[in-house]
Structures are given as C-alpha cells and as structure tokens.
Amino acid sequence: MEAGLLSAVLGIILLQVEMTAQDLDLQKIAGFWREVGVASSQNLALQTPKRLEALFLTLSGEELTVKAAYNSSGSCETEQIVSSEVNVSGRFVFPGHREIQVIDTDYEQFAILRVSLHWRDKEFHVLKYFRADLEEPPPPSGMLGAPPTRSPLAAQPWGTRLHLL
C-alpha cells in the first residue's frame, strides 16, 4: 500500500514539475544528501550491483560538482562528476548522457530528484528520494519496530517498483 501511494505521489509531482518549472536556489541545494528511496518502472534501473548511498553537491560558479558514494558489494566506491550544463529550473546535464532534475526540495530536509540515463539506445528514468540527515527514516506504517528493508516491494498495477533503502 505504501509503495503504491508513494509511487502515485512521485508520479503526480513529476507531472506538475514538467508543467510548471520553478527557480531553484542553487546555493541552497548544495550539501550532503542521503538516498532513502527509489522508484522506477524499469527493473534494470533498480537492480544494480552499485547502490547509491549518498551525494555531496558543491557549486562553483556555473558548475555543479556531484560526489557520489556507492555501496558496491559491501565496499565503498566514490565518483565525482562535473555538470556540463546548469540552469535555475533544476536541470543538470553531465557527461555520459546523464541528467539530474530537481523535482522538489525544501533545501533542509528532503529532495526528490529525477535521474535520467541514455544507455544502449534506451532511456532510463529513476525518481530518488533524499534526506539531508543521517537519521533512519521511520518504518512504513504497520511495521513499527521492523528493521529497514532493501528489497523491492510488490509491483504496482502500472509497473512501478519502489525500493525503501
């Protein structure tokens, strides 16, 4: 139930953002962001051996630098990429046919990003939910005291899967 609700909300947010772009305060989006949720209709985008754990965003002039930390089979890997295009609507283009769009944020607690990648003549899109703190998110309702899960929840009728991280 929670997966369906979050997927529906993320889908509605995505549609609203595509219709009305708002200015993004680039200085405020900079900083530490920890990934806590992922939603995609494409299983390949969810089943990756390198799982993103956190981002550290820095802005220098017209360049956004993203330092990403991944969990790769229990070991930490990092990657640093610099955007080739930045705009105030929240869209950042990176080398390697990668793009990040800030869908929504309050700059202090959460950010929802749409990550796009063109690979092998196919477009992949993933919605990612980030928190700006290191605290564990509360468990889904009805699961108080249950340990956090990293496995996908049941597929929704429209094909979207949600991973709670």
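## Strands, salt bridges and surface of a predicted model

The accessible surface of the protein amounts to about 9,800 Å², and carbon and sulfur atoms contribute 56% of that area. The model is a predicted one. Of its 165 residues, 36% count as buried. The secondary structure consists of 3 helices and 10 strands, arranged along the sequence in the pattern α-α-β-α-β-β-β-β-β-β-β-β-β. Among the contacts in the protein with a separation of 6 or more, 46% are between residues 24 or more positions apart.

The pairing of the strands may be taken up next, beginning with β9. Strand β9 covers residues 122–131 and runs antiparallel to strand β1, residues 31–40, to which 5 bridges join it. Within this pairing, Arg34 stands opposite Arg131 of β9. Strand β9 is also antiparallel to strand β8, residues 110–119, and here the two are joined by 10 bridges. Ile112 has Tyr129 in β9 as its bridge partner. Strand β9 is thus described by two pairings, one with β1 and one with β8. The connection between β8 and β9 is a hairpin with 2 residues between the strands, and Arg120 in the turn has a positive phi of about 50°.

A second hairpin is found earlier in the sequence. Strand β3 (residues 63–72) and strand β4 (residues 75–82) run antiparallel and are joined by 8 bridges. One of the facing pairs places Tyr70 opposite Glu77 in β4. In this hairpin, too, 2 residues lie between the strands, and the turn residue Ser73 has a positive phi of about 55°.

From the backbone the account passes to the charged side chains. Side chains of opposite charge can pair when their charged atoms come close. Over the whole structure, a search finds 7 salt bridges. One of them is formed by Asp133 and Arg34, whose closest N and O atoms are 3.9 Å apart. Because Asp133 lies in the loop between β9 and β10 (161–164) whereas Arg34 lies in strand β1, this pair ties together parts that are 99 residues apart in sequence. The 3.9 Å separation falls inside the 4 Å cut-off for a salt bridge. The two partners fall into separate burial classes: Arg34 is buried, with a relative accessible area of 12%, while Asp133 is partly exposed at 26%. The pair also belongs to a network of salt bridges that links Arg34, Arg131 and Asp133. The two arginines of this network are the residues that stand opposite each other across β1 and β9.

Two further salt bridges can be described in similar terms. Arg51 pairs with Glu53, their closest N and O atoms being 3.3 Å apart. Arg51 is partly exposed, with a relative accessible area of 27%, and Glu53 is likewise partly exposed, at 25%. The side chains of Arg91 and Glu99 meet in a salt bridge with an N to O distance of 3.2 Å. For Arg91 the relative accessible area is 28%, which makes this residue partly exposed; Glu99 is partly exposed as well, at 22%.

What is the environment of Lys128, a residue of strand β9? Lys128 is buried, with a relative accessible area of 14%, a value under the 20% limit that defines burial. A polar contact of 2.7 Å joins the side chain of Lys128 to that of Glu35. When neighbours within four places in sequence are left aside, the residues in contact with Lys128 are Glu35, Gly37, Val38, Leu52, Ala111, Ile112, Leu113 and Val115. This list includes Ile112, the residue whose bridge partner in β9 is Tyr129.

The final feature belongs to the surface. Phe32, Phe56 and Leu134 make a nonpolar surface patch of about 320 Å². Phe56 is found in strand β2, which spans residues 50–60. The relative accessible area of Phe56 is 42%, so this residue is partly exposed. That value is over the 30% required of a patch residue.

Terms used. Residues numbered from 1 in each chain as written. Predicted model: local features only at pLDDT ≥ 70, side-chain atom pairs only at ≥ 80, totals over all residues. Heavy atoms only, no water. Patch = residues over 30% accessible without salt bridge, like charges linked within 9 Å, V, L, I, M, F, W, Y side chains within 5 Å. Areas by Shrake-Rupley, 256 points an atom, 1.4 Å probe, with all protein chains shown as cover. Helix = DSSP H or I, 4+ residues; strand = E, 2+ residues; numbered from the N terminus. Buried < 20%, exposed > 50% of the residue type's maximum accessible area, 1.4 Å probe, protein only. Pairing = 2+ DSSP bridges. Polar contact = N/O pair within 3.5 Å; in protein donor to acceptor, adjacent residues only side chain to side chain. Contact = heavy atoms within 4.5 Å.
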